[in-house]
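This report walks through selected features of a single protein model, taking its internal spaces, its helix contacts and a few backbone details in turn.

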Amino acid sequence: MTSNEIFDDAGKYIMNTYKRLPLFIMKGRGNRVYDAEGREYLDFVSGLAVNNLGHCNPRVTVAFQKQAQRLVHTSNIFYTEPQVKLAKLLVENSFADKVFFCNSGAEANEAAIKLVRKFSSVKGTGRFEIITTFNSFHGRTMATLTATGQDKFHKGFDPLVPGFSYVPFNDIASMEMAISDRTAAVMIEPIQGEGGVNVPDRDYLKRLREICDSNGILLVLDEVQTGIGRTGKLFAYQHYGIEPDIITLAKALGGGLPIGAMLAKDHVASAFTPGTHASTFGGTPLVCSAALEVLRILTEDEFILDNCRRMGSYMIAALNELRLKYPHLIKDVRGKGLLTGMELNMSGDTVVTECIKKGVIINCTMEKVLRFLPPLDVSQADIDKLADTLAEVFNSIRI
C-alpha cells in the first residue's frame, strides 16, 4: 500500500485517539526507519523511548524468534524459564527483591498503586493517599490517569479515583506541606519526560527519600521512560544515591515487545499474595526472552551506557549552540543522558513537521518542548545531522 492509501484507511477504520504525524513507516534498522516509498529517516523518537537498542536489534530478534518456536504463552499458574531468569537479572541489577510482570507502563503503575494501598491495609495504617506532581504522566487507566498531574488528561473522565493529590515538581517545601496522616506514598518520575523533560535539582530525590523515611511512607519511582539505560545508567535513581521502595518499568524493557514490570523491596512486595493482583499476558515467555536479551546487552556491553552519557552531553552542547544562535526561538535546553528537551518560545508542531520533511523524526510535548530520544548507540554524526536540520528549520521561521 502507498502512504496515501494507508492514511485514508486509517482515518476510516482506526479510532481517533492519536494526533498522528504524516508518516507511514514500513521498516526500521538501527536508528533509521523507511517509509512506503523507500525514503530514509533518522529516528530521534525511538518509539517514544521504546527502541533504546534501535530497530530490530539482531540479538533481541534472534532471542524472540527462537522462543517463538518453543513456547509463546502459558498461564502464570505455571513457571517458565525466561520469566524467572528475567526477574533474577532485574533483581541482581537493582535495589529490588521481587518483580511483578505485566504488559505496559500504565499497568505497571496501576500495580504499584494497588501495592501501596495493599501494603497500608496489611500494616493497618489507615493510609491511602498518594502524592504525585504537577506535569507528571503515569498512564491512561483510570487510576494512573488520576495520578497524572495534568488537567488536560483528566478532562471528561470524572469522577476520578479518590486518594490522589499533587504538588509542584522539584519543590521539597510543597511536598512536606502536602504530607498528612493519610499519605501512604509519594509517586514520582525521577525526570519528567512527557511533562517537558524536567530534571530535578541534584539533591531533590535524596531529600524526598529522607522525607518519606521520616514520615513512614513509601517512595515509588515511575521509571517507565527513564529506565533501561535512557539516562546513562540502567535506572535513573542510580544517579542520585538513593533507593526507592518500588519502581515501575516498561517501554524499552522488551526491545520493542510489550512488557511492563513493577519491582519492590521484599517487605513491601509481600503485601501481594495469590489472588490480590494478576495479569494474564504479563511476562509471557516470548516477551521475557526479548527483555532478557535487552538486559544482557545493557549489563554486559559497557559501550552502550557510556555512549549514552557521552552523546547526551554532546547533544546538550550542540543544542545549546543553537540556543545561542536563535535566542528568540529557543528558551531552554535540558536533559540527562539521551532524554533531552529543547523548550521553544513558540509551538513546536511546525518544527516537528519540517524536520520530518527533511528526514529527521523528532517529537514535541507540552506544545513547546521538542523531545529527543534517539537509540542509545547514536553517533556524533547523527547528532550533527539533527542540529543541522534544526538550524535549517529555524532559519526558515519568521516570527
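## An enclosed cavity

In this predicted model, the lining of the largest cavity divides by class into four nonpolar residues, 10 polar residues and no charged ones. The structure holds one cavity of 30 Å³ or more, and the volume of the largest cavity comes to about 50 Å³. A total of 14 residues line the largest cavity, and those closest to its centre are Thr74, Asn76, Thr80, Gln83 and Gly283.

## The second largest pocket

The second largest pocket encloses about 850 Å³ of space. Its lining is made up of 30 residues, of which Gln83, Val99, Phe100, Phe101 and His277 are the closest to the centre of the pocket. Helix H4 (81-92), strand S4 (98-102) and strand S10 (260-264) are the elements that give two or more residues to this lining.

By class, the lining of the second largest pocket has 17 nonpolar, 11 polar and two charged residues. Gln83 is named among the residues closest to the centre of this pocket, and Gln83 is also named among those closest to the centre of the largest cavity.

## Helix H4 against helix H11

Helix H4, which contributes to the pocket lining, also packs against helix H11 (residues 285-300), the two axes coming within 8 Å and crossing at roughly 35 degrees. The crossing in which H4 passes H11 is left-handed. On the H4 side the contact is made by Pro82, Gln83, Lys85, Leu86, Leu89 and Leu90, while H11 supplies Pro285, Cys288, Ser289, Ala291, Leu292, Leu295 and Arg296. Sorted by class, the residues of this contact comprise nine nonpolar, two polar and two charged.

## Helix H14 and its two partners

Two helix contacts that involve helix H14 (residues 380-396) can be described here, one with helix H12 (residues 302-325) and one with helix H13 (residues 349-357). The axes of H12 and H14 come within 10 Å and cross at roughly 20 degrees; because that angle is under 35 degrees, H12 counts as roughly parallel to H14. The crossing of these two helices is right-handed. Met311, Tyr314, Met315, Ala318, Leu319 and Leu322 of H12 make the contact with Gln380, Ile383, Asp384, Ala387, Leu390, Ala391 and Phe394 of H14, and the residues involved divide into 11 nonpolar, one polar and one charged.

For H13 and H14 the axes likewise come within 10 Å, but the crossing angle is roughly 125 degrees, which makes H13 oblique to H14. H13 passes H14 in a right-handed crossing. From H13, the residues Val351, Glu354 and Cys355 meet Thr389, Leu390, Val393 and Phe394 of H14, a contact with five nonpolar, one polar and one charged residues. Leu390 and Phe394 of H14 are listed in the contact with H13 and again in the contact with H12.

## Backbone details

Two points along the backbone deserve a look when the model is inspected. A cis peptide bond, with omega of about -5 degrees, joins Asp158 and Pro159. Pro159 belongs to the loop that runs between helix H7 (151-154) and strand S6 (164-167).

The other point concerns Leu48, which has a positive phi of about 60 degrees although Leu48 is not a glycine. Leu48 is placed in helix H2 (residues 46-49).

Definitions and conventions
Residues are numbered from 1 along each chain as its sequence is written. This is a predicted model: local features need pLDDT of at least 70, side-chain atom pairs count only at pLDDT 80 or more; totals for chains, interfaces and linings use all residues. Side-chain values use heavy atoms; hydrogens and water are left out. Axes are lines fitted to C-alpha atoms, for helices over the stretch in contact, and angles run from 0 to 180 degrees between N-to-C directions. Helices (H or I, at least four residues) and strands (E, at least two) are DSSP runs, numbered from the N terminus. Angles under 35 degrees count as roughly parallel, over 145 as roughly antiparallel, 65 to 115 as roughly perpendicular and the rest as oblique. A crossing is left-handed if the near helix is turned anticlockwise from the far one by less than a right angle, and right-handed if clockwise. Contact means heavy atoms within 4.5 Å. Ala, Val, Leu, Ile, Met, Phe, Trp, Tyr, Cys and Pro count as nonpolar, Asp, Glu, Lys and Arg as charged, and the others, Gly among them, as polar. On a 1 Å grid over the protein atoms alone, a cavity is a set of points where a 1.4 Å probe fits but cannot get out, and a pocket is an open set with protein on both sides within 12 Å along at least five of seven lines; lining residues have an atom within 4 Å of a point. Grid points are joined across faces, edges and corners, and a volume is the space filled by probe spheres set on the points.
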